[in-house]
Amino acid sequence: MSINEAAYKDLKAIADKAGATLVAVSKTKPAETLLELYQLGHRDFGENYVQELVDKRAELPKDIRWHFIGHLQTNKVKYIAPFVHLIHGVDSWKLLSEINRQGLRWKTTINVLLQMHIAREETKFGLSEEELRDVIASLADEPLPNIRVKGMMGMASFTEDKKKIESEFSELKKIYDAHATLKTSNISFGILSMGMSGDYDIALQKGSNMIRIGSKIFGSRSYT
Ligand SMILES: *Cc1c(COP(=O)(O)O)cnc(C)c1O
C-alpha cells in the first residue's frame, strides 16, 4: 500500500495556486500510509470515523492537523475535542452545543464548519438555508464561547453531470458569501470546504478554498 506521489504533488500545486488548503482524506488507510505523506511535508489529514482518528493520532506525529469530515455523533465529540483542528460537518444546534460543552471542559476553542445541504438527492446531512438562519439566530441569543464557526462545508451530488455539480457549488458559494461578513464573538468566516477527488476542479473554479481529497492520493478504498 502506497500513496500516489505524483498525483499528490500535482494536487498540492493546484491547491497552492488557488490559495486553497489540501486536506488529505485518509479514512480506511493505515497509519504507515499517512506517514508517507507526512514525510513529504503534508500536515492536514481528514478522517470520517472517530475511533479510527483517535487510533491513528496515537501512532502518528503530534503536529498533524486533524480534520474531522464525517458525520459526528454528539456522544463521540468528547473523544476528539481536546485535539481536533477543524470539524467540517456540523449540521445541528444540538451538535454545536455539545462541541461547545466539550470545548469548555477541555478549556479550548474548537473550530467548526457548518455543513450545508446542497446536493439534490444523495445525502440527508447538512443544513437547509432556513435551518442555517435558525442556527445563526440561536448563536446570537446564546453565544457558545468555546466554538468558532470558521465557514461552511458542502458536498455536491455524486453525478457525471458537470452542470449540476457547478450549480450546487455555486449555490453554496452564494450562501457562504451572504454570511462571510457576519462577524460576532464566535463567527468568523474564512473557510469554504468543497471539492473531492471527482469534483475539486469545479469546486475551485466556484470559489472553494479547502479541498478534501482521498482516492486521488491514496487510491481507492476497501472497506473490509
Ligand atoms: C471520503 C470523503 C472525501 C474524499 O473522497 P474522495 O472522493 O476519495 O476524494 C471528501 N469528503 C468527505 C466528506 C468524505 O467523506
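A backbone N or O atom of G214 lies 2.8 Å from an oxygen atom of the ligand. The model is predicted. Two side chains also approach ligand oxygens. K27 places a polar side-chain atom 2.7 Å from an oxygen atom of the ligand. N48 does so too, with a polar side-chain atom at 2.7 Å from an oxygen atom of the ligand. On its own, the ligand has 390 Å² of accessible area, and the protein covers 91% of that.

Now widen the view to the shell. The ligand has 13 residues around it. Among those that come nearest are S197 and S215, along with K27, N48 and G214. By class, the shell holds six nonpolar, four polar and three charged residues.

Where does the ligand sit? The ligand occupies the largest pocket. This pocket has a volume of about 890 Å³. Two helices give two or more residues to its lining: α7, spanning 162–179, and α8, spanning 200–205. The lining of the largest pocket counts 31 residues in total. Nearest the centre of the pocket lie M155, A156, F158, M196 and D199. The lining is mixed in character: twelve residues are nonpolar, eleven are polar and eight are charged.

Turn next to the second largest pocket. Its space comes to about 150 Å³. One stretch of its lining runs through N48, Y49, V50 and Q51. F68, H71, L72, Q73, K76 and Y79 also line the second largest pocket. By class, this lining has five nonpolar residues, four polar residues and one charged residue.

N48 links the two parts of this tour. N48 lines the second largest pocket, and a polar side-chain atom of N48 lies 2.7 Å from a ligand oxygen. The ligand itself sits in the largest pocket.

Note on methods:
Residues are numbered from 1 along each chain as its sequence is written. This is a predicted model: local features need pLDDT of at least 70, side-chain atom pairs count only at pLDDT 80 or more; totals for chains, interfaces and linings use all residues. Side-chain values use heavy atoms; hydrogens and water are left out. On a 1 Å grid over the protein atoms alone, a cavity is a set of points where a 1.4 Å probe fits but cannot get out, and a pocket is an open set with protein on both sides within 12 Å along at least five of seven lines; lining residues have an atom within 4 Å of a point. Grid points are joined across faces, edges and corners, and a volume is the space filled by probe spheres set on the points. Helices (H or I, at least four residues) and strands (E, at least two) are DSSP runs, numbered from the N terminus. Ala, Val, Leu, Ile, Met, Phe, Trp, Tyr, Cys and Pro count as nonpolar, Asp, Glu, Lys and Arg as charged, and the others, Gly among them, as polar. A residue is near a molecule or strand if one of its heavy atoms lies within 4 Å of it. A polar contact is a pair of N or O atoms within 3.5 Å; within protein, one must be able to donate a hydrogen and the other to accept it, and residues adjacent in sequence count only if both atoms are side-chain atoms. Accessible areas come from the Shrake-Rupley method with a 1.4 Å probe; for residues, only the protein chains shown count as cover. A molecule sits in a cavity or pocket if more than half of its atoms lie within 2 Å of its grid points.
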